[in-house]
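Grab a coffee and work through these exercises on how the chains of one model meet. Each task is followed by a solution in steps.

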Amino acid sequence: MTAPNAADTQTFLDAYAERGKVDGPEWLASYQEESMKLFRAAGLPLPGSEEWKYTNLAGLRKREFALAGAQPQQITSTDLSELLICDPDGFLAVFVNGVFSAEHSRLPEAGSGIQVEPLSAAIENGSPGVEELVASGKTFGFESFADLNSALFHSGAWIHVTRGAEITEPLYLLHISDSPDGSLMTHPRNVVSLEEGARLTLIEDYLGLGDSAYLSNPFTHFQIADNAGAVHYRLVREGEGSFHVSNLGVRQAGHSSFTSHSFCFSGGVVRNDVAAFLEGEGVECTLNGLTVGRGEEHVDNHTRIIHSQPNCNSWEMYKAVLAEKAHGVFNGKIYVAQDAQKTDAKQSNQALLLSDTAVMDSKPELEIYADDVKCTHGATVGQLNEDGLFYLRSRGIGKEAARVLLVYAFASDLVSGIEHPGLKAGVEALLFEKLPGDCEPAGVTVGAT
Amino acid sequence: MLEIKELQAKVEDTQILKGISLQVNPGEVHAVMGPNGSGKSTLGKVIAGHEDYLVTGGSVAYKGKDLLDMEPEDRACEGVFLAFQYPVEIPGVGNNYFLRTALNSIRKYRGEEELDAFDFLELAREKADLVELDRSLLDRPVNEGFSGGEKKRNEVFQMAVLEPTLAVLDETDSGLDIDALKAVADGVNSMRGPDRGFIVITHYQRLLEYIVPDYVHVLHDGRIIKSGGKELALELEEKGYTWIEEEAANPAS
Amino acid sequence: MQSPTDHLNELASQDYKYGFVTDIESDSVPPGLNEDVIKKISAIKEEPEWLLEWRLKAYEHWLKMTEPRWPKVDYPEVDFQSMVYYSSPKAKKELQSLDEVDPDLLETFDKLGISLDEQKRLSGVAVDAVFDSVSVATTFKDKLSELGIIFCSFSEAVREHPDLVKKYLGSVVPYSDNFYATLNSAVFSDGSFCYIPKGVRSPMELSTYFRINAANTGQFERTLIVADEDSYVSYLEGCTAPMRDENQLHAAVVELVALDNAQIKYSTVQNWYPGDENGKGGIYNFVTKRGACRGSDSKISWTQVETGSAITWKYPSCILQGDNSVGEFYSVALTKNYQQADTGTKMVHIGKNTRSTIISKGISAGRGQNSYRGLVKINKGAEGARNFSQCDSMLMGDRCGAHTFPYIEINNPTAQVEHEASTSKIGEDQIFYLRQRGISTEDAISMIVNGFCKEVFRELPMEFAVEAQKLLSISLEGSVG
């Protein structure tokens with residue numbers, strides 16, 4: 001083991017110094033200062049550390065990054081409709097290079113049960129609970145990128161759903177990164193809280209324009225009260241040169257539910273960390289993920305589900321389709337504490353390798369301290385089933401079409417879990433766009449419902 | 001042989017048996033019928049000594065001893081057999097090996113000589129044929145991967161090998177097709193004799209066409225609300241349980 | 001009525017039956033580790049210069065290494081300077097035959113159920129008995145040598161077959177491999193050596209029985225087995241140690257080499273002293289075992305039943321170099337009281353159409369912590385590789401832990417890799433079912449646990465399978481056995 005390298009952190013320290021203290025309450029300044037200290041002490045994750053065994057940040061270390069200004073960045077609205085993955089029939093909050101764009105956003109009105117505003121505004125206005133909730137980001141056990149976010153975030157979304165409010169329209173957060181000179185970094189912070197019995201569907205969409213380098217380092221955390229439920233979609237559509245490092249933390253109280261669908265369609269080096277803490281009885285937690293990688297994309301999904309109370313269920317299904325030189329990583333841990341009796345936890349990781357040069361590394365872990373539990377995990381890695389391919393071809397389907405069909409069938413159960421019809425269509429279209437081969441999705445009918 | 005007096009029992013906080021009295025003499029077959037949730041299966045579990053069932057009142061005497069004071073395995077050694085409604089699977093433990101261990105535990109308890117593997121196998125094959133249990137199931141792990149019918153036959157097969165003096169059959173007919181039902185009934189009938197008593201717990205009269213009982217008891221809400229001869233079962237089949245429940249609720253009418 | 005859980009807790013704290021000490025005079029080097037100690041060990045064993053150099057190279061490398069802390073086990077720092085690195089029972093004179101072995105030693109092994117009297121042994125098992133740092137006797141040597149099989153102590157092999165030793169020593173586990181293997185390379189005292197010539201199937205099981213007797217002594221044996229083309233050998237290993245309050249270190253290295261079409265079956269029943277019910281004492285079992293399937297169509301199969309040791313840290317592995325070679329790992333690991341085990345395997349697929357199977361059964365009782373840690377690696381050129389892994393854990397009681405850390409690294413798209421893991425407890429309904437049939441709770445638990453381990457036990461040679469089942473029953477059951 002080597003000590004953190006000061007050179008690694010210099011560009012971030014410089015950016016922090018250059019930005020100076022942000023406008024806002026005193027607690028924010030000290031929180032950010034404290035976070036910067038933590039980041040500086042830990043540095044970037046070291047090569048060879050267990051948590052970063054399969055993901056190399058050498059490319060990131062070489063670069064210098066700068067924060068975008070606090071002024072709104074420009075995009076034209078005609079562009080915007082093309083950038084969205086689906087028509088947002090509900091609420092929309094757009095962030096360009098980390099800065100909220102009021103012009104493109106459509107926020108709910110006051111008194112509608114849901115409050116959505118830029119986090120910077122919520123902090124400035126002193127929205128109830130904002131200090132505690134922002135500070136709670138420290139409690140998920142994330143590594144130094146989360147500290148870096150805490151030190152440098154300017155904005156992101158502040159989302160609060162009041163007691164019993166069932167928000168039927170989804171809330172769509174679009175984070176756009178546009179970094180023509182290859183030096184942009186953004187640290188969006190999305191803070192979500194649901195009071196008792198509240199319901200919310202949230203779409204987080206990370207989109208990169210162009211192929212040059214940038215660092216996208218979002219941190220989203222959920223606080224879900226008793227009997228509340230959240231459905232969360234996360235799309236990664238970053239540019240080829242991007243480094244996308246995200247942290248998603250969830251705390252769930254009794255009888256709450258959380259379902260996350262994560263789709264990664266593009267990016268340079270992508271690392272997603274998810275930590276779900278099941279802290280009340282009767283909690284349901286579902287984490288699903290689909291990675292479609294090609295080119296030299298590297299996608300690393302790390303998840304932790306921490307069962308600390310009895311009678312909770314968790315389900316986890318992560319799949320990867322890897323073509324060309326793509327490299328997929330999965331590390332999923334299920335932790336069951338001594339008190340978490342009657343836990344039912346299932347985890348599955350499946351990867352399909354479509355080329356000689358694609359690589360998959362998988363590490364599904366169980367750490368169990370309670371005896372009356374049902375915990376299983378499974379992992380499979382392989383290529384397309386030759387028998388299935390032959391069967392389809394013998395029925396007159398061309399080789400390429402048959403391949404796409406089988407790959408689509410592999411991925412489809414994760415797409416079929418999407419409840420929102422528009423989003424589902426959008427994700428399906430993206431999936432076909434990304435899959436190898438030239439098959440038209442229209443010509444394919446598979447049992448994805 | 002078995003004398004149940006005012007037996008009361010509960011599971012967790014729910015009182016299931018609310019005072020049951022039942023006497024079974026050697027050679028008799030008693031059918032216990034009743035709708036779902038009336039406490040039929042609980043009665044079987046309490047007789048066998050399941051720890052989830054807490055006896056809150058009454059007594060059970062068996063061959064003059066206090067049955068409730070005995071460990072489950074000692075009850076088995078004394079000749080009490082429960083054919084389970086839902087037989088559990090025990091991975092990796094061979095059916096044969098398990099049953100030989102059981103038989104020898106019981107023989108040892110009775111001061112009899114233990115059977116060696118060869119003698120046992122001979123006995124097991126004979127009994128398997130008797131209940132028409134596929135011999136290949138003897139080498140498989142206990143109940144693992146057995147069909148519903150195979151599990152029930154396996155229960156009756158075990159009964160045939162262990163030769164209990166009191167056999168409690170808990171819904172042994174459920175989930176069986178007519179051929180399997182006949183095979184199971186034949187197995188039971190072949191074991192009827194002057195020294196052995198049966199309690200046949202069932203929801204339907206169908207089984208009782210093949211295992212003809214001496215007495216029929218109707219259980220409702222934790223109590224026996226009516227007892228009679230085998231014709232009572234037919235009456236129940238015809239009229240359902242409602243009339244008898246109503247009758248019990250309004251004894252005057 | 002006693003609940004099954006209480007019963008389990010009671011059962012999980014049974015006595016160790018091999019804890020006696022043999023009162024025998026021994027020759028030891030003074031405690032501590034330095035170049036002189038290594039030179040002294042080498043001198044006592046009259047080793048050639050190249051071996052001493054190899055040891056010293058390892059020692060030099062070891063000084064630069066740090067103890068690994070990544071396993072999920074927790075123990076205080078080991079003081080490497082307070083330990084004795086060489087101890088041997090005082091030889092009364094040069095041994096010419098088995099009849100001349102010290103009767104105290106024969107009695108010790110008799111007491112452990114290992115008869116060194118060739119006449120008394122029923123089935124064909126040849127034994128190399130290792131007492132502290134040295135091999136005291138090897139049975140059936142003559143009979144085996146008629147077939148060209150070499151089975152002797154490591155020291156003897158160095159003297160009699162230096163070319164073979166030189167060719168293969170360190171070829172699977174290099175001296176620089178890891179902290180404990182490197183330490184072993186510097187100070188290893190004795191162990192077994194075995195060579196099966198081309199085309200020979202060993203007619204009997206070869207086995208080594210390890211006994212630690214002396215206090216404050218580390219045991220660092222080294223085993224090397226080479227199976228030449230078209231040969232077959234089944235090798236068994238057993239071990240025990242006296243009960244002592246201090247922890248003792250056992251850091252062995254086992255190297256296996258299988259050439260074209262050769263098969264090695266290596267079985268271990270590990271029953272080192274596990275420490276008392278409060279976690280005091282016991283052996284630290286930090287072992288490196290690795291086999292190389294060098295030849296095409298070769299096969300190496302590891303089977304282990306781990307019930308002893310305070311801490312177990314071992315990953316018997318297979319390097320599948322030859323095309324169509326096969327690696328297998330079957331393991332039962334039981335931890336009770338304060339025992340900790342971090343064990344598993346590595347299957348490294350290099351050759352084409354290589355196959356591996358991993359079956360691991362972990363049982364945790366009391367405050368035991370049991371981790372499976374395994375690596376399945378499919379290299380780029382390993383066209384058509386297959387792996388199936390199954391890791392099941394059983395927990396007994398609410399103070400223990402069961403953990404699974406599989407690493408799966410796939411660099412070839414034609415690989416088919418499947419990993420399954422599950423965790424369960426003994427069902428109360430299972431115990432009740434068995435009790436209703438007249439079987440006591442104690443027997444019911446033992447029956448269910450043995451059923452859980454069945455897929456592993458059936459891989460053991462007959463004699464060992466019985467011993468392993470008994471051991472598991474004793475470990476869990478106590479009086480009934």
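**Exercise 1. Which residue of chain C forms a salt bridge with B:Glu155, and how far apart are the closest N and O atoms?**

Step 1. Start with the rule: a salt bridge is a side-chain nitrogen of Lys or Arg within 4 Å of a carboxyl oxygen of Asp or Glu.
Step 2. The partner of B:Glu155 is C:Arg437, with the closest N and O atoms 2.6 Å apart.
Step 3. Across the interface of chain B and chain C, the rule finds 4 salt bridges.

A word on ground rules: this is a predicted model, where local features need pLDDT of at least 70, side-chain atom pairs count only at pLDDT 80 or more, and totals for chains, interfaces and linings use all residues. Residues are numbered from 1 along each chain as its sequence is written, chains are lettered from A and ligands numbered from 1 in the order in which they are written, and side-chain values use heavy atoms, leaving out hydrogens and water.

**Exercise 2. How much area do chain B and chain C bury between them, and which three residues of chain B supply the most?**

Step 1. Buried area is the accessible area (1.4 Å probe) that two parts lose on being put together, summed over both.
Step 2. For chain B and chain C that comes to about 2,200 Å², with 63% of it on carbon and sulfur atoms.
Step 3. On chain B's side, B:Glu51, B:Glu73 and B:Val88 supply 24% of the area buried against chain C, more than any other three residues.
Step 4. Count the residues in contact (heavy atoms within 4.5 Å): chain B brings 34 and chain C brings 21.

**Exercise 3. Now turn to chain A and chain C. Which side chains meet in a salt bridge, and which strand of chain A gives the most residues?**

Step 1. The rule finds 1 salt bridge across this interface; the side chains are those of A:Glu367 and C:Lys72, at 2.9 Å from N to O.
Step 2. Strands here are DSSP runs (E, at least two residues), numbered from the N terminus. Two of them, S21 (359-368) and S22 (374-382) of chain A, give two or more residues to the side that touches chain C.
Step 3. S21(A) gives the most, with 10 residues.

**Exercise 4. In which sense do S22(A) and S24 of chain C pair?**

Step 1. Two strands pair if DSSP finds at least two bridges between them.
Step 2. S22(A) and S24 (residues 416-425) of chain C pair in the antiparallel sense, over 7 bridges.
Step 3. To find the pairing in the viewer, look for A:Val381, which stands opposite C:Val417 in S24(C).

Key
Helices (H or I, at least four residues) and strands (E, at least two) are DSSP runs, numbered from the N terminus.
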